[in-house]
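Subject: Handover of a structure and notes on it

Dear colleague,

Please find the structure below, passed on to you for your own examination. My notes on it follow.

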Amino acid sequence: MPPYTGPDLCARPARDIVKLLRAKEIAPADLIDAAETRAAQVEPAVNATPTPCFSRARDRAAAAARLPGDDPRVLAGLPVGIKDLNAVEGVKLTMGTWAMRDFVAQETDPLVDRLEARGALVCGKTNTPEFGAGGNTFNAVFGMTRNPYDTSRNAGGSSGGAAVSLAAGEFWLSQGSDLAGSLRTPAAFNNVCGLRPTPGLCGGGPGPAGFLNEGINGPMARDVQDLALFLDAMTGFDPREPLTFDPPNTPYAAAILQDPGPIRIAYAEDQNAFAPVEPAVRAVLRGAMDAAADAGIAVEAACPDLPDLYRTYISLRATHYGTVNDFAPPEVKKFFKKTLKDNIAQGTDQTTQDIYLAHRARSDLYQRMRVFLDAYDVLAVPVVGIAPGPVEEEYPMEVDGQPTADYVDWLRFSFLATTTALPALSLPAGFTDDGMPMGIQLIGPPKGEARLLQVGLALEQVLGLPKGPCDPNVTHP
């Protein structure tokens with residue numbers, strides 16, 4: 001674990017800071033100052049938050065501090081990061097594409113509205129690949145985001161800026177989004193937590209396609225309790241987003257502290273040989289599962305049959321890009337990178353039969369997982385099968401000696417939760433021999449976030465990994 005030399009406030013858990021804010025024992029201005037100081041220290045090395053907006057946060061700090069301190073969903077003036085795919089009024093929104101490099105949002109995304117109404121202070125927009133298309137965070141507007149554990153390595157994507165902003169200590173909480181592991185992979189690569197929630201719990205699909213449930217928002221934090229705190233702040237019905245619904249009456253931050261009772265984990269090291277896994281990753285995940293078993297958690301090698309998962313997910317993903325990105329104006333589309341153009345072409349080249357089959361298979365896969373999870377609390381699988389690669393490499397050309405077909409192919413372990421609309425938690429599992437973080441993915445039952453987070457907290461406590469921020473380990477020229 002690299003050392004940490006930033007402001008003491010930035011290293012404290014978000015839940016502790018929020019408790020002080022609610023009790024009026026600390027002022028939001030102190031936190032904004034600390035976050036701005038830390039950003040100045042680390043941004044030259046990691047490039048996680050290329051669009052800061054600290055002045056806007058200061059303008060809103062007094063209103064946030066006046067919010068009632070007894071509401072468990074109120075963040076009461078805590079600085080947060082927002083991914084550069086979500087609009088914040090008066091702040092640059094580039095979506096990582098050159099055509100929008102100077103665009104300033106005139107209204108705020110519904111999720112951000114909800115967070116600001118609950119006292120979150122947006123202090124910066126975090127970096128993303130173009131329109132979120134990529135497992136490595138870089139774009140033509142802001143360049144590359146680097147992994148703080150080794151700045152020659154990539155941070156994952158597409159919520160790479162969000163993950164690094166947490167790992168480097170810029171923010172206590174940072175919002176991400178996920179389609180093909182876009183918050184799960186960066187969490188795994190940066191020793192933080194990321195939750196892909198049930199679609200609708202933290203907002204719906206992208207604005208012009210609000211009924212799509214593949215690409216959704218989710219919380220990211222340094223540990224499970226802070227993740228639950230952020231989840232509570234994100235949730236709620238909003239008529240502008242047709243998939244949204246109200247959360248359970250018991251806040252997640254309280255639910256996960258209840259006695260979890262016996263825990264049952266099904267562990268599938270390569271998900272029935274669905275994807276290759278490098279030996280270094282297998283070693284980390286086996287170590288985590290062995291530690292869980294030694295602590296009395298029931299761990300069993302098991303995985304349901306998942307027919308047509310690859311084809312089904314690829315069709316759903318292609319439909320997403322055909323529905324959303326193919327309708328961008330020509331003056332924007334002309335700048336799209338090749339991989340984004342390829343995604344769109346997959347969508348527009350599909351037949352209606354491809355789409356019909358995907359929806360039928362999706363329903364079958366959901367039922368298989370639902371029945372399987374009657375016997376287990378979670379299915380544990382890798383987040384990805386490989387450790388972070390060179391930051392200049394868009395995606396790995398092979399994993400464990402097997403060539404990758406394209407930039408999505410190496411992200412196969414993300415497909416299951418997205419296809420079946422099940423909640424999935426990316427949790428730090430350990431470090432490779434050369435010091436790079438690696439996470440494990442826990443997939444929970446339908447709308448089972450509370451139980452999923454309980455299991456995640458139990459495993460986090462068993463593993464006892466370092467959870468605080470670190471100084472960037474600068475290894476690039």
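Two strands are taken to pair if DSSP finds at least two bridges between them. Please also bear in mind that this is a predicted model.

Strand pairing around β9

With that criterion, strand β9 (residues 264–267) pairs with strand β10 (residues 298–301) in the parallel sense, over 4 bridges. Within this pairing, Arg264 has Ala298 of β10 as its bridge partner. Helix α10 (residues 279–294) belongs to the same arrangement: β9, α10 and β10 make a right-handed β-α-β unit. Strand β9 is also joined to strand β11 (residues 378–382), by 3 bridges, and these two strands run parallel. Here Ala266 stands opposite Leu379 of β11.

Helix α2

In helix α2 (residues 14–22), the buried residues are Ala14, Ile17, Val18, Leu20 and Leu21. They lie on the same side of α2, because they cover an arc of only 160° around the axis. Among the elements that cover these buried residues are α1 (8–11), α3 (28–46), β2 (78–83), β6 (173–178) and α8 (224–234). After α2 comes Lys24, with a positive phi near 60°.

Salt bridges

Side chains of opposite charge can pair when their charged atoms come close. With a cut-off of 4 Å between a side-chain nitrogen of Lys or Arg and a carboxyl oxygen of Asp or Glu, the model has 29 salt bridges.

One of them is formed by Glu36 and Arg58, whose closest N and O atoms are 2.7 Å apart. Since Glu36 lies in helix α3 and Arg58 in helix α4 (residues 54–65), this pair ties together parts that are 22 residues apart in sequence. Glu36 is partly exposed, at 33% relative accessibility, and Arg58 is partly exposed as well, with a relative accessible area of 34%.

Another salt bridge is that between the side chains of Arg240 and Asp113, at 3.1 Å from N to O. Arg240 is in the loop between α8 and α9 (252–255) and Asp113 in helix α5 (residues 110–117), so the pair ties together parts that are 127 residues apart in sequence. Arg240 counts as partly exposed, with a relative accessible area of 49%; Asp113 is partly exposed too, at 30% relative accessibility.

Arg412 and Asp409 also form a salt bridge, and the closest N and O atoms are 2.9 Å apart. In this pair Arg412 is partly exposed, at 21% relative accessibility, whereas Asp409 is buried, at 10%. Elsewhere, Arg15, Asp223, Asp226, Glu460 and Lys467 are joined into one network by salt bridges that share partners.

Glu130

Which charged side chain is buried yet has no salt bridge? This is Glu130, for which the nearest side chain of opposite charge, Lys337, is 5.5 Å away. As a salt bridge requires the nitrogen and the carboxyl oxygen to be within 4 Å, a distance of 5.5 Å does not qualify. Glu130 is placed in the loop between β3 (120–126) and β4 (138–139). Apart from neighbours within four places in sequence, Glu130 is in contact with Met95, Gly96, Thr97, Phe138, Asn139, Phe335, Phe336, Lys337 and Leu340. Lys337 is thus listed among the contacts of Glu130, although the two form no salt bridge.

With kind regards

Key
Residues are numbered from 1 along each chain as its sequence is written. This is a predicted model: local features need pLDDT of at least 70, side-chain atom pairs count only at pLDDT 80 or more; totals for chains, interfaces and linings use all residues. Side-chain values use heavy atoms; hydrogens and water are left out. Buried means under 20% relative accessible area, exposed over 50%, partly exposed in between (1.4 Å probe, protein chains only). Lys and Arg count as positive and Asp and Glu as negative; His and the chain ends are not counted. Contact means heavy atoms within 4.5 Å. A crossover is right-handed if, with the strands pointing away from the viewer, the path from the first strand over the helix to the second runs clockwise. The arc is that of the directions from the helix axis to the C-beta atoms.
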